[in-house]
There are 2 protein chains.
Amino acid sequence: MVNPNLLNMDEDFLYHINIKVDKDTNDIKKQFGDIKFVCLGGTKSRMAALAEHLREVLQIDQNKELIDLGESGHRYAVYKVGPVLCCSHGIGMASMSVLLHELIKLVKYAECIDPVFMRIGTCGGLGVPPGTVVVTKDAYNGYLRNEHQIAVLGENIVRPAYFDSSVNSKIIKCHESTDNFELVIGNTLGTDCFYEGQGRLDGALCNYTLQDKMSFLKKCYELGIKNIEMEATMFSSLALATGIKAADICVTILNRLNGDQVIVTMAEKVEFEKRPFIVVGRYIKQNLQSN
Amino acid sequence: MVNPNLLNMDEDFLYHINIKVDKDTNDIKKQFGDIKFVCLGGTKSRMAALAEHLREVLQIDQNKELIDLGESGHRYAVYKVGPVLCCSHGIGMASMSVLLHELIKLVKYAECIDPVFMRIGTCGGLGVPPGTVVVTKDAYNGYLRNEHQIAVLGENIVRPAYFDSSVNSKIIKCHESTDNFELVIGNTLGTDCFYEGQGRLDGALCNYTLQDKMSFLKKCYELGIKNIEMEATMFSSLALATGIKAADICVTILNRLNGDQVIVTMAEKVEFEKRPFIVVGRYIKQNLQSN
């Protein structure tokens, strides 16, 4: 346990997923001790779709009703498919960090063996066609620095922000040449704002020009940034600091060099969202077989 | 319109609430032009409860099915009760800012007259008993500065962060001496992290001692901070920058000077959550009558 205070607590209430951990019993270990993969994505509907996909791939619990274990917390959806949790994290670092703290505590209390956390998201692309799957190497913050900044007790704490290279290598190998989409490894910009933070011209507020925006996106491109989302620096840094292996696998739904508005059709978007599912599904299946 | 780029767009897709604005028609004005109040809160269930409360207070649409206008966007719930929108914003500045940009554009496109935005949230309290309603004056960020920092095009932009004093005065007057709860005005700490960002000892990670935490909370207390949540600096600064009147009215569900874990019962929590509804319901009713 990275935080020694947790050892001294008789019980821990994981408030936002409404799970009570009572250390006098083995209940948490019984319910979650088999977890090997924790998948995270923005919306409840996408995580339910991922859970259904993994049920098919792993041939587990098919045709059974999908139960949201986090429902009574009213914040995050939590589905369990055998050794995989699929959880919705909302939008942004703050929202995801609340869940991540509680899930990391959960897998530690349950004594899960070397669980891998993966974010399976949607994002803006940079110089890659919409529908490209991007696996993140280094995460950059809104100041274009490869680090995560967090205010702790009023002080600015700076932490490293990169993903696990061994997990990345294995995930990349799960992309097949016959897949109808590209998969690339690249760096990711993680921002705290979808509009101004990502240089969009179409927010409620915009105090810069098209030229300023394009010059910013060019700088990003030169840093090897291939996609833009809102979680990468927090996710990678908290995983590193707590000894959790993590990966960020997102599908781009637009190319920001061509515009700001999301204009894919709903049908295209649904197909795009399945692309990371396919790759991650293969990765999970292979790694369960090799255990 | 604060962002001149929006004037040149024939249509705008408010992607995360899945609302298309077609400027060739009057549809948006017809559907949303009567909005005078936009209420925002973390969860969908709480905002549905607020919508039901306001239906009763304003005697509008009672017994009709409540429709979530944002449902197809899969991110935020949007309920309309006559001249009031009730929207869920998730957790944290980033999540709320996505919605806020889109709602501010919505009320501007719909030509709503002087709409007031109010966050009706839950929070941690500082030196006030659980169940106290706190109306925010000044918002402080995680560095204990009364400002909001945002990375725009790679640069650090600092903006003022305080709420509308005229709206606050009116809201405070809606608290009645016979109410079974206290209402106070005070400053609010808005952080980007529920655990480390708020000095909790029970996160997955904690690199400080109980003494460090208490010294941090004491500093907060000396700044007049009465509650801690995760949205105040972004909300107030974006409202100020776009000319929107805003208020933040939250109920405390624990006193952080006494601990970190949320231990109120579900029944207490539900009763606490209704307290800001009561005050805001009276405020909305009075202001609609005086128009």
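The paragraphs below lead from the relation between two chains to a pair of helices in chain A.

This is a predicted model, in which local features need pLDDT of at least 70 and side-chain atom pairs count only at pLDDT 80 or more, while totals for chains, interfaces and linings use all residues. Residues are numbered from 1 along each chain as its sequence is written, and chains are lettered from A in the order in which they are written.

A turn of 180° with a shift of 0.0 Å along the axis lays chain A on chain B with an RMSD of 0.0 Å (a least-squares superposition on the C-alpha atoms of residues with pLDDT of at least 70 in both), and that is the relation of a two-fold axis.

The contact takes 57 residues from chain A and 57 residues from chain B, where residues are in contact if their C-beta atoms, placed from the backbone, lie within 7 Å. Because 100% of the interface residues of chain A are also interface residues in chain B, the copies meet through the same surface. On the side of chain A that touches chain B, the largest share, eight residues, comes from H3(A) (helices are DSSP runs of H or I with at least four residues, numbered from the N terminus).

Within chain A, the axes of helix H2 (residues 44-58) and helix H7 (residues 266-289) come within 10 Å and cross at roughly 40°, the axes being lines fitted to C-alpha atoms over the stretch in contact, with angles running from 0 to 180 degrees between N-to-C directions. Among the residues that meet there are Leu50(A) and Leu54(A) in H2(A) and Phe277(A) and Ile284(A) in H7(A).

Note on methods. Helices (H or I, at least four residues) and strands (E, at least two) are DSSP runs, numbered from the N terminus. Two residues are in contact if their C-beta atoms, placed from the backbone, lie within 7 Å.
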